[in-house]
Amino acid sequence: MNDRGRKKGFGGGPAGAGRKVTEVEIGLLTTLSVPARGSVGKTGSWRTFVPVIDPGRCTKCLLCWVYCPEACVSRDLIIDLDYCKGCGICAEECPRDAIAMVKEEKR
Amino acid sequence: MRIKDFPEEELLLPGNAACQGCPSSMALRLALKALGRNTLLAVIASCTSVLQSPFPATAFDLPVLNMAFATGGATGSGLAAAVERLMKKGVYRERPTVLVWAGDGGTYDIGIQSLSGAAERNADFIYVCYNNEAYSNTGTQRSGATPYAAWTTNTVKGKREWRKDVAQIMVAHGIPYVATASLAYPTDLFEKFTRAKGIRGTRYIEILAPCPPGWKFPSGHTVKVARLAVQTGLWLLYEHREGITTYTAGTQRIIHGKARRLPVEEYLKAQGRFRHLFYPERDEERIAEIQRRVDRVFETLEFTHRLKQHIMDIEMLPPR
């Protein structure tokens with residue numbers, strides 16, 4: 001959307017014309033939600049088993065990146081443990097069995 | 001299209017309220033990768049309304065409109081009309097894609113009349129039904145998409161009726177593009193969305209979404225169950241364009257005789273919702289009934305394929 005669309009705005013009111021709108025303003029004064037990582041907190045605390053990649057076996061086929069429903073596996077195959085819910089799809093789908101689900105000690 | 005070429009940009013952010021191993025967030029993530037940031041998303045009441053997370057944060061990094069259950073088609077038509085008007089006014093530099101995202105309850109049962117109306121008007125939007133074969137958001141009640149013999153909270157001994165096929169109903173509407181997809185074939189799903197993006201008019205894509213809590217299997221098996229559905233022939237992958245149905249990916253491999261079709265038992269055994277077919281004793285009758293149905297469908301498909309090959313051999317027609 002170009003400037004013309006933004007000036008008119010959907011929230012109206014205090015979010016007003018031309019001014020740069022900060023996230024706090026949107027959050028408090030209008031009903032618009034702000035896109036954010038961890039919108040329900042650190043979902044990593046849901047997990048019982050944690051995925052561990054064995055770099056020696058990994059062929060970088062990126063299947064775990066594609067199948068991760070949380071978008072927690074990066075293109076460089078680093079798993080974001082703050083948000084990984086531990087569903088185990090990456091370990092199940094890895095064609096080389098390079099990912100193991102290891103029981104996690106409670107933090 | 002290879003997996004390596006998928007765009008890196010994430011429009012569905014981590015830390016959302018979806019269950020572990022959620023097929024809906026997985027499907028939406030792949031769909032948004034294919035459609036790109038210039039998309040207007042309308043979410044019809046379903047699990048996807050919930051996984052956006054509570055105010056003031058949202059997990060979706062693009063404009064989202066949350067709408068009531070029965071309004072899928074109407075919302076799509078309205079957004080498409082608004083986009084048309086704003087394009088004329090010059091507000092958009094590039095035409096945004098309107099994506100309506102609904103579950104099977106909002107498509108098969110509650111939303112079908114507005115969807116049918118919009119399809120008849122050929123309104124310009126992509127309608128996606130992610131089909132988890134029950135009202136999973138409210139605790140797994142039966143829907144029009146629930147398959148024969150499946151457990152839900154109100155079909156305790158297994159559903160007595162067969163599911164209806166809304167993808168074929170949409171084919172009968174004569175809209176420009178109808179496709180079915182599976183989470184287990186991401187490149188196929190990605191290509192279907194890219195193709196749908198390039199077409200104007202109503203486009204319907206249905207994705208089979210195995211739901212771990214609703215179908216009762218471990219959260220890691222989402223993709224495995226989705227793959228078994230295709231390999232056993234209970235879920236057909238195809239796209240329908242200009243009056244021609246083309247079977248794709250796993251289904252095509254089976255029809256062309258390049259892959260063996262697995263017995264339906266393997267798919268049924270992988271899920272707890274079919275447990276009453278195997279425990280306390282095997283219900284041979286119902287398992288055989290499901291197998292017979294699939295066999296009949298594939299008999300026709302394989303026959304049609306062989307016939308086409310035969311005619312091509314005789315007349316030396318160029319392959320289509």
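Which residues have the most contacts inside the largest nonpolar core?

## The nonpolar core

In this predicted model, the residues with the most contacts inside the largest nonpolar core are Val100(B), Trp101(B), Val128(B) and Ile207(B), and the core itself has 106 residues. Helix α1 of chain B, which spans residues 23-35, contributes eight residues to this core, the largest share. As general background, nonpolar side chains in soluble globular proteins tend to be buried together.

The surroundings of Val128(B) can be set out in detail. When its neighbours within four places in sequence are left aside, Val128(B) is in contact with Ala31(B), Leu99(B), Val100(B) and Trp101(B), and also with Ile205(B) and Ile207(B).

## Helix α5 of chain B

Helix α5 of chain B covers residues 112-121, and its buried residues include Ser114(B), Leu115(B), Ala118(B) and Ala119(B). Because the buried residues of α5(B) fall within an arc of 135° when the helix is seen down its axis, they line one face of the helix.

The cover over the buried residues of α5(B) includes three helices of chain B, namely α3 (72-89), α4 (104-109) and α6 (166-172), together with the strand β5 (126-131). After α5(B) comes Asn122(B), which has a positive phi, near 55°.

## The make-up of chain A

Chain A contains four helices and three strands, and, read from the N terminus, its elements follow the order α-α-β-β-α-α-β. Of the 107 residues in chain A, 28% are buried. Among the contacts in chain A with a separation of 6 or more, 57% are between residues 24 or more positions apart.

## Where chain A touches chain B

Between the two chains, 35 residues of chain A are in contact with 36 residues of chain B. On the side of chain A that touches chain B, at least two residues are supplied by each of α1 (3-8), β1 (34-35), α3 (63-67) and α4 (89-93) of chain A, and the largest share, four residues, comes from α4(A). Sorted by class, this side of chain A has 17 nonpolar residues, nine polar residues and nine charged residues.

The chains are also linked through strand pairing, since β1(A) runs parallel to strand β2 of chain B (residues 57-58) and is joined to that strand by two bridges. Within this pairing, Val34(A) has Ala57(B) in β2(B) as its bridge partner.

Technical notes:
Residues numbered from 1 in each chain as written. Chains lettered and ligands numbered in written order. Predicted model: local features only at pLDDT ≥ 70, side-chain atom pairs only at ≥ 80, totals over all residues. Core = buried A, V, L, I, M, F, W, Y, C linked by C-beta atoms within 7 Å. Buried ≥ 20, exposed ≤ 12 C-beta atoms within 10 Å, placed from the backbone. Contact = placed C-beta atoms within 7 Å. Nonpolar A, V, L, I, M, F, W, Y, C, P; charged D, E, K, R; others polar. Pairing = 2+ DSSP bridges. Arc of directions from axis to C-beta.
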